[in-house]
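Biologist: I have a structure open and would like to know what stands behind the words people use for it. Could you take me through it, term by term?

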Amino acid sequence: MNRFLLPLGLFIVLLGFLAVGLNRDPREVPSPLIDKPAPEFTLPHLHDPGKTVSKSDMLGKVWLLNVWASWCPSCREEHPVFNTYAKTPGAIPVVGLNWKDNREDGLRWLARFGDPYAASAYDNDGRVGINFGVYGAPETFLIDKNGVIRFKKIGVVTQEVLEKEILPRARELDK
Amino acid sequence: MKLLLAALASLCLAGGVAAREAVPLAEDPAVEERLVNIASELRCLVCQNESLAGSQAPLAQDLRREVRGLIKEGKSDVEVKDFLVSRYGDFVLYQPPVKPTTWLLWGGPFLLLIAGVATLVSYLRRRGSQVGRVELTDEEKKRAEALLKDNS
């Protein structure tokens with residue numbers, strides 16, 4: 001009996017490693033930007049090329065940066081969540097970053113699916129997205145009053161993600 | 001007719017050029033060479049089993065554009081990699097850096113090797129001491145010699 005204990009023990013340890021390792025999503029790359037100041041940006045407004053949207057506009061507020069594009073099917077999936085949230089009283093502002101898209105497609109998409117954004121920045125060449133470490137839309141960043149990134153959600157923000165992962169953190173930061 | 005053939009031939013040539021990999025607007029071969037060198041050690045984040053040099057994902061093309069810009073600005077290879085690591089983390093490097101969180105990763109194989117050698121040595125010692133204790137009786141020696149003779 002004793003001679004089986006060591007291999008069995010090793011097997012259980014291996015099983016533990018595999019259980020943890022295989023349940024991780026390899027698409028979720030941890031961001032080195034968490035708890036670091038968000039990159040500075042000044043971009044043209046999606047609706048009005050004459051106006052700009054920049055990080056400094058949002059200083060003093062807790063806000064969300066939602067990276068989206070008209071070519072991104074998952075963005076369509078999460079969009080109703082933001083549409084509903086933006087209408088709730090006391091909602092924190094959501095800034096849209098229209099990433100690697102063209103203006104007409106982006107505007108048409110917002111007209112069709114609704115526009116929950118306090119402001120929409122137009123990042124046509126994708127540079128601001130790269131500075132934020134974006135590698136696929138949708139991605140959503142929670143940024144505090146001092147412009148520091150506090151949380152990042154890679155992928156679709158469902159109602160559950162919003163209520164359990166994002167809003168509790170946002171309330172904590174807003175104190 | 002000749003004109004048509006020439007047009008077709010040039011189309012084929014153009015197709016051949018367009019199908020080549022990862023050399024968009026290669027105006028400076030030296031820059032492109034460094035780009036390919038650096039990018040082949042970096043992971044594409046969209047197609048994670050492809051290098052940044054080989055991937056045709058739109059993001060990889062954008063990142064190559066950024067790297068190309070940095071090279072033209074005269075940045076060193078280390079600075080270019082830092083640019084990407086500061087945005088995307090160590091994950092973009094195919095060769096992870098040695099630091100406390102990766103000590104096990106780098107040292108693990110050597111630990112396993114040491115454990116294996118230690119197990120082997122202790123096993124051989126135990127076996128050696130057991131084998132050493134076995135003495136043949138005279139009867140057994142005769143039988144063994146007879147068997148050996150039979151075989152020859």
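Modeller: Gladly! Let me start with a term we need right away: two strands count as paired if DSSP finds at least two bridges between them. Please keep in mind that this is a predicted model.

Biologist: Then what makes E4(A) and E5(A) a pair?

Modeller: Strand E4 (residues 94-99) of chain A and E5(A) share five bridges, in the parallel sense. At least two are needed, so the five bridges found here qualify them as paired. One bridge to look for leads from Trp99(A) to its partner Asp123(A) in E5(A).

Biologist: Which strands make up the whole sheet, and in what order?

Modeller: The order is E5-E4-E3-E6-E7 (chain A), an open sheet of five strands with mixed pairing. On average, neighbouring strands are turned by 20 degrees against each other, direction ignored.

Biologist: Why are E5 and E7 of chain A called edge strands?

Modeller: Strand E5 (119-123) and strand E7 (149-154) of chain A each pair on one side only.

Biologist: What makes the pairing mixed?

Modeller: You have met the parallel case, E4(A) with E5(A). E6(A) and E7(A), in turn, pair in the antiparallel sense over five bridges. Strand E3 (residues 63-68) of chain A also runs antiparallel to E6(A), again joined by five bridges.

Biologist: Where can I see these pairings residue by residue?

Modeller: Try E6(A). Thr140(A) of that strand has Asn66(A) opposite. Towards E7(A), Phe141(A) stands opposite Lys152(A), and Ile143(A) has Ile149(A) as its bridge partner. The hairpin of E6(A) and E7(A) has five residues between the strands, and there Gly147(A) takes a positive phi near 80 degrees.

Biologist: How do you know that E6(A) is largely enclosed?

Modeller: By counting: five of its five residues are buried, so E6(A) is largely enclosed by the rest of the structure. Glu139(A), Phe141(A) and Ile143(A) point one way, while Thr140(A) and Leu142(A) point the other way, and all are buried. That fits a general pattern: in a regular strand the side chains alternate between the two faces of the sheet.

Biologist: What packs on the sheet?

Modeller: Helix H5 (residues 159-174) of chain A does, touching strand E6 (139-143) and E7 of chain A. The direction of H5 makes about 170 degrees with that of E7(A).

Biologist: Why is His79(A) called buried?

Modeller: The cut-off is 20 or more other C-beta atoms within 10 Å. His79(A) has 23 C-beta neighbours inside 10 Å, so it counts as buried. You will find His79(A) in helix H2 (residues 73-87) of chain A. Not counting residues up to four places away in sequence, His79(A) touches Phe113(A) and Gly114(A).

Biologist: Now chain B. What does its secondary structure come to?

Modeller: Chain B has six helices and zero strands. Of its 152 residues, 14% are buried.

Biologist: How do you know that H3(B) has close to the expected span?

Modeller: The expected span is 1.5 Å times one less than the number of residues. For the 15 residues of H3(B) that gives 21 Å, and the helix reaches 21 Å from its first C-alpha to its last. After H3(B) comes Gly74(B), with a positive phi near 85 degrees.

Biologist: What do the buried residues of H3(B) pack against?

Modeller: Their partners are helix H4 (127-131) of chain A together with helix H2 (29-39) and helix H4 (77-88) of chain B. Val67(B) is one of the buried residues; leaving aside neighbours within four places in sequence, Val67(B) is in contact with Leu35(B), Ile38(B), Ala39(B) and Val80(B).

Biologist: Why is H6(B) called hardly covered?

Modeller: Among the 14 residues of H6(B), the count of buried ones is zero.

Biologist: Which residues have the most contacts inside the largest nonpolar core?

Modeller: They are Leu65(A), Val95(A), Phe141(A), Ile143(A) and Val67(B), in a core of 50 residues. Helix H3 (residues 58-72) of chain B gives the most to this core, with six residues.

Biologist: And how many residues of the two chains are in contact?

Modeller: Twelve residues of chain A are in contact with 13 residues of chain B. On the chain A side, six are nonpolar, five polar and one charged.

Note on methods: Residues numbered from 1 in each chain as written. Chains lettered and ligands numbered in written order. Predicted model: local features only at pLDDT ≥ 70, side-chain atom pairs only at ≥ 80, totals over all residues. Helix = DSSP H or I, 4+ residues; strand = E, 2+ residues; numbered from the N terminus. Axes fitted to C-alpha atoms, helices over the stretch in contact; angles between N-to-C directions. Contact = placed C-beta atoms within 7 Å. Nonpolar A, V, L, I, M, F, W, Y, C, P; charged D, E, K, R; others polar. Core = buried A, V, L, I, M, F, W, Y, C linked by C-beta atoms within 7 Å. Buried ≥ 20, exposed ≤ 12 C-beta atoms within 10 Å, placed from the backbone.
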